[in-house]
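Colleague: Got a minute to walk me through this fold? I'd like to hear how the helices sit against each other.

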Amino acid sequence: MPSLYPWLLALHIIFVVCWFAGLFYLPRIFVYYAASEHPETRAQLALMSRKLYRFVTPFMALTIIFGLSLISLNVDYYLAATWLWLKLAGVAFLVIYHLQCGRYVKRINADQDHHTHVFYRFFNEIPVLFLFAIVFLVVLKPF
């Protein structure tokens, strides 16, 4: 029987990439929304944000499911690995970030969001920092 590991790993990586595409683009829509003064443009961007959030949320779930599946293949090793616990903390933060994006989507679609484009420009950079940290942890396994 062929090993399940490469299949689970490939699916995990695919859904990580898909989720991060959303985490990178969704806050960029927030930036454009906050910077726009045209009601028609703001309405279109609000719609885009809602559709994108709904589209990428399953990718988050699938990322977690396949990641936990990988852990289940060698529980003793992974649960003793400090790098994995740090990675999981990063993933937990990204889940919270994702959920916060959902709150912003709701506010934007209700025309109740008053953040500036500068705020969203900084907010937009957060997942980049976590991507770097998580990739370095997974590849280098420093602990």
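Modeller: Sure. This is a predicted model. Let's start with H1 and H4: H1 passes H4 in a left-handed crossing.

Colleague: At what angle do H1 and H4 pack, and how far apart are their axes?

Modeller: The angle between H1 (residues 5-35) and H4 (residues 82-109) is about 40°, and the axes are 11 Å apart. That makes H1 oblique to H4.

Colleague: Which residues in H1 meet H4?

Modeller: From H1 you have His12, Trp19, Phe20, Leu23, Leu26, Pro27, Phe30 and Tyr33. Their partners in H4 include Lys87, Val91, Leu94, His98, Cys101, Tyr104 and Ile108. Sorted by class, the contact of H1 with H4 has 15 nonpolar, two polar and one charged residues.

Colleague: OK, switching helices. How do H2 and H4 pack?

Modeller: They pack at about 160°, with their axes 10 Å apart. H2 and H4 are therefore roughly antiparallel to each other, and their crossing is left-handed. On the H2 side the contact includes Leu47, Ser49, Arg50, Tyr53 and Met60, while H4 brings, among others, Leu88, Leu99, Gly102 and Asn109.

Colleague: And by class, what does the contact of H2 with H4 have?

Modeller: There are 14 nonpolar, five polar and one charged residues in it.

Colleague: Now the core. Which residues touch the most other members of the largest nonpolar core?

Modeller: Those are Trp19, Leu26, Phe30, Cys101, Tyr120 and Phe123, out of 30 residues in that core. H1, H2 (39-72), H4 and H5 (117-140) are the elements that give two or more residues to this core. H1 supplies the largest share, ten residues.

Colleague: What does Leu26 touch?

Modeller: Not counting residues up to four places away in sequence, Leu26 touches Ser49, Leu52, Tyr53, Cys101 and Val105.

Colleague: One more: is Tyr104 buried or exposed?

Modeller: Tyr104, which lies in helix H4, has a relative accessible area of 7%. The cut-off for buried is under 20%, so Tyr104 is buried.

Colleague: What is Tyr104 in contact with, neighbours within four places in sequence aside?

Modeller: Tyr104 is in contact with Phe30, Asp113, His115, Phe119, Tyr120 and Phe123.

Colleague: And how far apart are Tyr104 and Phe30?

Modeller: They're 74 residues apart in sequence, yet 8.1 Å apart in space, C-alpha to C-alpha.

Definitions and conventions. Residues are numbered from 1 along each chain as its sequence is written. This is a predicted model: local features need pLDDT of at least 70, side-chain atom pairs count only at pLDDT 80 or more; totals for chains, interfaces and linings use all residues. Side-chain values use heavy atoms; hydrogens and water are left out. Axes are lines fitted to C-alpha atoms, for helices over the stretch in contact, and angles run from 0 to 180 degrees between N-to-C directions. Helices (H or I, at least four residues) and strands (E, at least two) are DSSP runs, numbered from the N terminus. Angles under 35 degrees count as roughly parallel, over 145 as roughly antiparallel, 65 to 115 as roughly perpendicular and the rest as oblique. A crossing is left-handed if the near helix is turned anticlockwise from the far one by less than a right angle, and right-handed if clockwise. Contact means heavy atoms within 4.5 Å. Ala, Val, Leu, Ile, Met, Phe, Trp, Tyr, Cys and Pro count as nonpolar, Asp, Glu, Lys and Arg as charged, and the others, Gly among them, as polar. A nonpolar core is a set of buried Ala, Val, Leu, Ile, Met, Phe, Trp, Tyr and Cys residues joined through side-chain atoms within 4.5 Å. Buried means under 20% relative accessible area, exposed over 50%, partly exposed in between (1.4 Å probe, protein chains only).
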